[in-house]
Amino acid sequence: MPVFKVLHFPHVLLRKPSTPVEKFTPGLRQFAADMIETMNAYEGIGLAAPQVGILKRLMVVDVRPYFENASLKEWHGTYTYSIDGKQLELPSPLILVNPVITTKEQEIIFPFDGCLSFPGVDRGQTTRWKKIILEAKNIDGLAVRIESDGILSICLQHEMDHLEGVLFIDRIDGKVIEDDVVAEIQDHESDASTRRRMKKMKLVDARSQKLDFL
Ligand SMILES: [Zn+2]
């Protein structure tokens with residue numbers, strides 16, 4: 001299974017809105033599996049399709065590393081997950097297709113926002129919603145509903161933003177100087193240990209794959 005190359009800010013595709021997935025094909029299933037592989041390889045807790053250059057409304061999320069970190073307990077939060085109205089265990093990793101946030105409540109400041117498209121950029125304080133309800137399809141095209149607060153809610157909001165071309169730096173209170181952000185990313189990219197690690201990952205451009213759902 002390939003690990004995709006994750007696009008870094010200020011790549012132009014990170015600013016484009018994505019279109020809905022219309023075809024639930026074997027290729028979509030494979031793409032989602034490769035997205036999970038990629039998220040794991042980069043040690044992320046979420047990844048959206050536009051981050052690998054595919055402008056489709058699909059994202060993968062796995063917040064277990066957060067749940068396993070006791071020092072982040074105040075952000076663990078609560079959630080319910082249901083398919084076709086039936087409450088089930090939250091799958092981890094989670095694949096969400098065509099997600100929509102239907103309810104959002106109470107603004108909060110999240111102190112640890114960060115993004116795989118911004119490697120080397122210190123985590124920022126962002127304004128987010130505390131609690132959301134999100135509706136989507138799973139990879140089989142079934143209706144998913146997630147009610148969440150805590151890190152799952154924050155992560156879902158972060159990935160949702162990617163589908164609109166909105167980035168976490170847009171949610172930081174106060175002015176962000178984009179040139180400084182780009183310089184931090186470039187420093188990180190040119191670091192010798194980063195380059196060695198990236199070379200080992202044998203990254204694949206998702207746009208070079210034959211994707212039957214486009
Ligand atoms: Zn991100």
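Two strands are taken to pair if DSSP finds at least two bridges between them. The legends below refer to a predicted model.

**View 1. Strand E3 and its hairpin with strand E4.**
Strand E3 covers residues 79-83 and strand E4 covers residues 86-88; the two run antiparallel and are joined by three bridges. One bridge pairs Ile83 of E3 with Lys86 of E4. The hairpin leaves two residues between the strands, and Asp84 there takes a positive phi near 50°.

**View 2. Strand E3 against strand E7.**
Strand E7 spans residues 143-149 and runs antiparallel to E3, with five bridges between them. Ile83 appears here again: its bridge partner in E7 is Val144, while its partner in E4 is Lys86.

**View 3. Helix H3 and the residue that follows.**
Helix H3 is made up of residues 150-163. Its end C-alpha atoms lie 21 Å apart, and this agrees with the 20 Å expected for 14 residues at 1.5 Å a residue. The helix is mostly covered, with 13 of its 14 residues buried. Here a residue counts as buried if 20 or more other C-beta atoms lie within 10 Å of its own. Just after H3, Gly165 has a positive phi of about 75°. An α-helix has 3.6 residues a turn, so residues three or four places apart point the same way.

**View 4. Gln30 in helix H1.**
Gln30 belongs to helix H1, which runs over residues 26-41. Is Gln30 buried or exposed? Gln30 counts as partly exposed because it has 17 C-beta neighbours inside 10 Å; the partly exposed class lies between 12 or fewer neighbours (exposed) and 20 or more (buried). The C-alpha atom of Gln30 is separated by 23 Å from that of Glu164, and the two residues are 134 positions apart along the chain.

**View 5. The whole chain, for orientation.**
Five helices and seven strands are present. From the N terminus on, the elements follow the order α-β-β-α-β-β-β-β-β-α-α-α. The radius of gyration is 17 Å, close to the 17 Å that the globule rule gives for 214 residues, so the protein is as compact as a globular protein of that length. The C-alpha trace spans about 50 × 40 × 30 Å along its principal axes. Of the 214 residues, 31% are buried. Among contacts with a separation of 6 or more, 76% are between residues 24 or more positions apart.

Conventions:
Residues are numbered from 1 along each chain as its sequence is written. This is a predicted model: local features need pLDDT of at least 70, side-chain atom pairs count only at pLDDT 80 or more; totals for chains, interfaces and linings use all residues. Helices (H or I, at least four residues) and strands (E, at least two) are DSSP runs, numbered from the N terminus. The radius of gyration is taken over C-alpha atoms; the globule rule is 2.2 Å times the number of residues to the power 0.38. Two residues are in contact if their C-beta atoms, placed from the backbone, lie within 7 Å. The expected span of a helix is 1.5 Å times one less than its number of residues.
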